[in-house]
Amino acid sequence: MSEPKTTSSGADTPVVHLMRGGVSVVFSCRSGLVPQIAYWGAALRCEDTDSLVALVDGGVEAFTGNAPDQPSTAGVVPLPGDGWTGRPGLSGWREGGIDWSARFTLEQVKVQEAAVRFILADASAGLQLNLSYDLSPEGLLAARAELTNTGSVPYFLEELGVTFPVPLSADEILNRTGRWGRERVEQRQKVALGCNLKEGRHGRTGFDAPDMTFVGRSGFNFREGQVWGLHTAFSGNHRTWVEKLPSGVQVLGASELLLPGEIILQPGQSYQSPVFYALHADYLDQAANRVHQWLRSRPTHPRSPRPVTLNVWEAVYFDHRLPKLQQLADVAAEIGIERYVLDDGWFKGRRDDHAGLGDWFVDEEVWPHGLAPLADYVHGLGMQFGLWFEPEMVNEDSDLARAHPQWLMSARGAESDALPVRWRNQQVLNIAIEPAREYLAERVVSLVKQYNIDYIKWDHNRDLIEAGDQSAAGQAAVHRQTLAFYRLLDQIKEQCPGLEIESCSSGGGRIDLQVLQHTDRVWVSDCIDPVERQSIVRSLSQLLPPELMGTHVASPHSHTTGRWSNMASRGATALWGHMGVEWDLTGADPEELRQLGQWIAFHKLHRAFLHSGTLVRPISPDRTIWVSGVVSPDKNEALFQVVTRERGALAVAGKFTFAGLGQAKKYLVRPVFVGQQPSGLQAPKWFGAPAAATELETGGYEGITLTGEALMQAGLSVPPMHPEQVLLLHLQAKG
Ligand code: GLA
């Protein structure tokens, strides 16, 4: 990664240029108002004052008819006071309807390394605005805004967001939507004049969160076309927009979505926005790898080999019986599983999903000797022990709800007909109430210590609806709840060093870059069907590297979709993340267990580079085929998968190419079978002779040797297979 370069052009013509990781951001402060971004894109060698000033001048628009009499001064927080008639970056007011239109003047600019802070004030409106931008070595720009009420009466904040200008040539939007069991559906739209606004009002990140909203020139893809992206690192409500105005300006914007009355700033109080991550890249794969590398550079990023996990949910659901759970542990240990997770159903009164949430005490009827007989057993087999919690949730049928009805979130009171609509029979506990949060911290920490719990699956199975604070007359409290959630996680982690936590929310309902500052992996989806998982993981990879995504092998018959899948496709699909199993292994036959054991061993052999390498998603030759892979950091090894999505019109879908390899390196490309070979596979000539089975591989073919250049330019003929199959290719550089 490149060294940071920061250029500031001096007090009279203040232009600040941050350059790092192949990206440049040029701020112009010449208006003396909210700074403007004069350029955000690929790194520019524009370091002297004259060039910087010329760069800014070059972008000043000409006067057109019936428009403000001076060029627009709207900045990164665009304001009506600066002549902006689009979506404002700041909305708020004081009693009597005053101070609703702020006009800030720039008081201070502090530049340090690849970071800049702007301090602005509007003395007459009684507001101070601080803006900070940090450009990471990977080219990820973290932006944050903070508003302080310097006046003498309360200020009602409605919205504080930031915007980033993007070129008009970026005429297509790519973001994600989704639902339970089918998260991260990609959608593309044309940028039209007006505002394309996406809101998340779920009180969690949401199945339909945009992840990162990208714009680029129509047709941009994993390997081609510059992109500009924006992500809101927040697990509550959020807004993201792409706005194109008739004046010829186009911006990407984001904010926290504040509910009515949620933020009332008393004199001297401040509101801090979430961190917004802005990312420019030459193409989507580069964007993905920038975020992956940034995540990996964090001191808190998991560094130990990711333990292959068994989660017992789809094996036993609420039917907790020690002998069966121990038997599952035996089988798991035998086939190489390293972490065992007991899911929902272990705590007081929790026989199904109607009762018990909130009562985080081991159920004495089901577990008369506590969890020790299982936890110790699992540890004795050399595996880690994990436990499921859903701390922020409460069933009305629980001792906790009966004892503290005012701890339930509600906009109107604690009576049953005043509570928010039930969702999975549950309500939300207001964890911003300190005794409620302390109760949870105490319960979790003492159970972790008592049973030497290594890992928590932290669930969150409903949206926050009418999420008010009863102790404040029902005031909306999603913002406070979200911050309290982060605080609770940190509090627990501080007291339980080494504890790992998974962010689960009915699958992938709470996945964002902020929740990952407090947790160690995410549960990608409750749908473990490999066909669906191929899509979900391909899409989520845009934000997260493999080691942070829980990818499991389920039973042959998917509990979510009813589809049957063979082990070749289930194993090859789970391989690409933090691998695990979620299947009643006591019912699996010996051949299935042998194959699963082989997949686990194969994953362990390759996980070091799968969890540190570069993601590549080459352009598919045909929409029925997907190719993707991970290349080791030194480019000497790679694993790719060829996936047949459906039967297409072509008998052979032409040639597929690789990407991300060393041009001049020579690679042996070997088709590898683990457990069994993909169904319906027809070997093309380049497969060569069949290869003998080894301990880790059931066989495959000798393969072909070609240079990286030839593999990336000329490619190889697509091997025909039945639909919904996955073929693995192992690449090893020779010599
Ligand atoms: C959610 C999770 C599942 C499982 C159940 C338990 O749906 O996503 O994996 O833990 O809760 O109730």
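This text describes the surroundings of the ligand and then the internal cavities of a predicted model.

The ligand is the natural starting point. Its shell comprises 13 residues, of which Asp343, Asp344, Arg424, Lys457 and Asp526 come nearest. By residue class, this shell divides into six charged, four nonpolar and three polar residues. Several side chains place polar atoms at short listed distances from the ligand. For Asp526, a polar side-chain atom lies 2.5 Å from an oxygen atom of the ligand. For Asp344, the corresponding distance from a polar side-chain atom to a ligand oxygen is 2.6 Å. Trp388 also takes part, with a polar side-chain atom 3.0 Å from an oxygen atom of the ligand. Taken alone, the ligand exposes 310 Å², and the protein buries 96% of that area. Asp344 and Asp526 thus appear both among the nearest residues of the shell and in the polar pairs with ligand oxygen atoms, at 2.6 Å for Asp344 and 2.5 Å for Asp526.

Attention now turns to the enclosed spaces of the protein. The structure holds six cavities of 30 Å³ or more, and the largest of them has a volume of about 210 Å³. This largest cavity is lined by 20 residues, and those closest to its centre are Val537, Ser541, Trp576, Ser628 and Gln641. Three elements each supply at least two residues of the lining: helix H9, which spans 530–540, strand E34, which spans 625–631, and strand E35, which spans 637–644. In composition, the lining of the largest cavity divides into 10 nonpolar, seven polar and three charged residues.

The second largest cavity has a volume of about 60 Å³. Its lining is formed by Thr205, Ala209, Pro210, Asp211, Leu230, His231, Thr232, His238 and Thr240. Two strands, E15 (227–233) and E16 (238–244), are the elements that give two or more residues to this lining. Strand E15 gives the most, with three residues. The residues that line the second largest cavity divide into five polar, three nonpolar and one charged.

The linings may finally be set side by side with the ligand shell. Around the ligand, six residues are charged and four are nonpolar. In the lining of the largest cavity, 10 residues are nonpolar and three are charged, while the lining of the second largest cavity contains five polar residues and one charged residue.

Notes
Residues numbered from 1 in each chain as written. Predicted model: local features only at pLDDT ≥ 70, side-chain atom pairs only at ≥ 80, totals over all residues. Heavy atoms only, no water. Near = heavy atom within 4 Å. Polar contact = N/O pair within 3.5 Å; in protein donor to acceptor, adjacent residues only side chain to side chain. Areas by Shrake-Rupley, 256 points an atom, 1.4 Å probe, with all protein chains shown as cover. Nonpolar A, V, L, I, M, F, W, Y, C, P; charged D, E, K, R; others polar. 1 Å grid on protein atoms, 1.4 Å probe; cavity = no way out; pocket = protein on both sides within 12 Å on 5 of 7 lines; lining within 4 Å. Points joined across faces, edges and corners; volume = space filled by probe spheres on them. Helix = DSSP H or I, 4+ residues; strand = E, 2+ residues; numbered from the N terminus.
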